[in-house]
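Biologist: Hi, I've got some time to go through this model with you. Please keep it plain.

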Amino acid sequence: QAAAGRRAELAAAAAARAAADETATARLAGRTANSAAAIAVAQRVLSAAGVSGEVALSGTRVRVTTQASTPTVFLSLIGIDTLRANGAAVAELVAND
């Protein structure tokens, strides 16, 4: 389960960062960021990492929650084939003044 937890946390952090980076140019120029594009970038990061999750923009924050699973070796002998774990990350969208 630790491996699934690490994957979930790392993917959440990478996706949150990618969403924040996607909005950086607009924020630096004083324009409104394209939230749909930021969410799409974060979803692509999650997909590439092989985890499922949700991305939400609320005000100046990007919140990513993830779910990952990993196959078991020894636990499969007693019918437990996968272990699941959750992860989460938040990125703050701040303007450079």
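Modeller: Happy to! First a word on terms: helices (H or I, at least four residues) and strands (E, at least two) are DSSP runs, numbered from the N terminus. This is a predicted model, in which local features need pLDDT of at least 70 and side-chain atom pairs count only at pLDDT 80 or more, while totals for chains, interfaces and linings use all residues. Residues are numbered from 1 along each chain as its sequence is written, and side-chain values use heavy atoms, with hydrogens and water left out.

Biologist: Thanks. How many helices and strands does the protein chain have?

Modeller: Two helices and three strands. Along the sequence they come in the order α-α-β-β-β.

Biologist: And what radius of gyration does the protein chain have?

Modeller: It has 16 Å, whereas a compact globule of 97 residues would have one near 13 Å. That radius is taken over C-alpha atoms, and the globule rule is 2.2 Å times the number of residues to the power 0.38. The C-alpha atoms fill a box of roughly 60 × 20 × 15 Å along the principal axes.

Biologist: OK, into the middle. Where is L46?

Modeller: L46 sits in helix α2. With a relative accessible area of 1%, L46 is buried. On this scale buried means under 20% relative accessible area, exposed over 50% and partly exposed in between (1.4 Å probe, protein chains only).

Biologist: Which residues is L46 in contact with, leaving aside neighbours within four places in sequence?

Modeller: A11, A12, A15, V51, G53, E54, V55, V64 and T66. Contact here means heavy atoms within 4.5 Å. One of those partners, A11, is 35 residues from L46 in sequence, yet their C-alpha atoms are 6.0 Å apart in space.

Biologist: Which residues touch the most other members of the largest nonpolar core?

Modeller: L46, V55, V62 and V64, out of 18 residues in that core. At least two residues of the core come from each of α1, α2 (35-49), β2 and β3. Helix α1 gives the most, with seven. A nonpolar core is a set of buried Ala, Val, Leu, Ile, Met, Phe, Trp, Tyr and Cys residues joined through side-chain atoms within 4.5 Å. In soluble globular proteins, nonpolar side chains tend to be buried together.

Biologist: You mentioned V55. What is V55 in contact with, beyond neighbours within four places in sequence?

Modeller: I39, A42, Q43, L46, V62, R63 and V64.

Biologist: Now two threonines. Is T23 buried or exposed?

Modeller: Buried, at 1% relative accessible area. T23 is in helix α1 and touches A33, A38 and L93, not counting residues up to four places away in sequence.

Biologist: And where is T82?

Modeller: T82 lies in strand β3 and is partly exposed at 33% relative accessibility. Its contacts, leaving aside neighbours within four places in sequence, are T70, P71 and T72. The C-alpha atoms of T82 and A33 are 39 Å apart, with their positions 49 residues apart along the chain.

Biologist: Switching to charges. How many salt bridges are in the whole structure?

Modeller: Two turn up, counting a side-chain nitrogen of Lys or Arg within 4 Å of a carboxyl oxygen of Asp or Glu. R17 pairs with D21, with closest N and O atoms 2.9 Å apart. R61 pairs with E92 at 3.0 Å, N to O. R61 is in strand β2 (residues 61-71) and E92 in strand β3 (residues 82-92), so this pair ties together parts 31 residues apart in sequence.

Biologist: Why are R17 and D21 separated by about one helical turn?

Modeller: Because they are four residues apart in helix α1 (residues 2-28). R17 is exposed at 55% relative accessibility, while D21 is partly exposed at 43%.

Biologist: And how accessible is R61?

Modeller: R61 is partly exposed, at 47%, and so is E92, at 39%.

Biologist: Last one: which residues make the nonpolar surface patch?

Modeller: V73, F74, L75, L77, I78 and I80, covering about 680 Å². Patches use residues with over 30% relative accessible area and no salt bridge, joining like charges within 9 Å and nonpolar side chains (Val, Leu, Ile, Met, Phe, Trp, Tyr) within 5 Å. Areas come from the Shrake-Rupley method with a 1.4 Å probe, and for residues only the protein chains shown count as cover. F74 is in the loop between β2 and β3 and is exposed at 68%.
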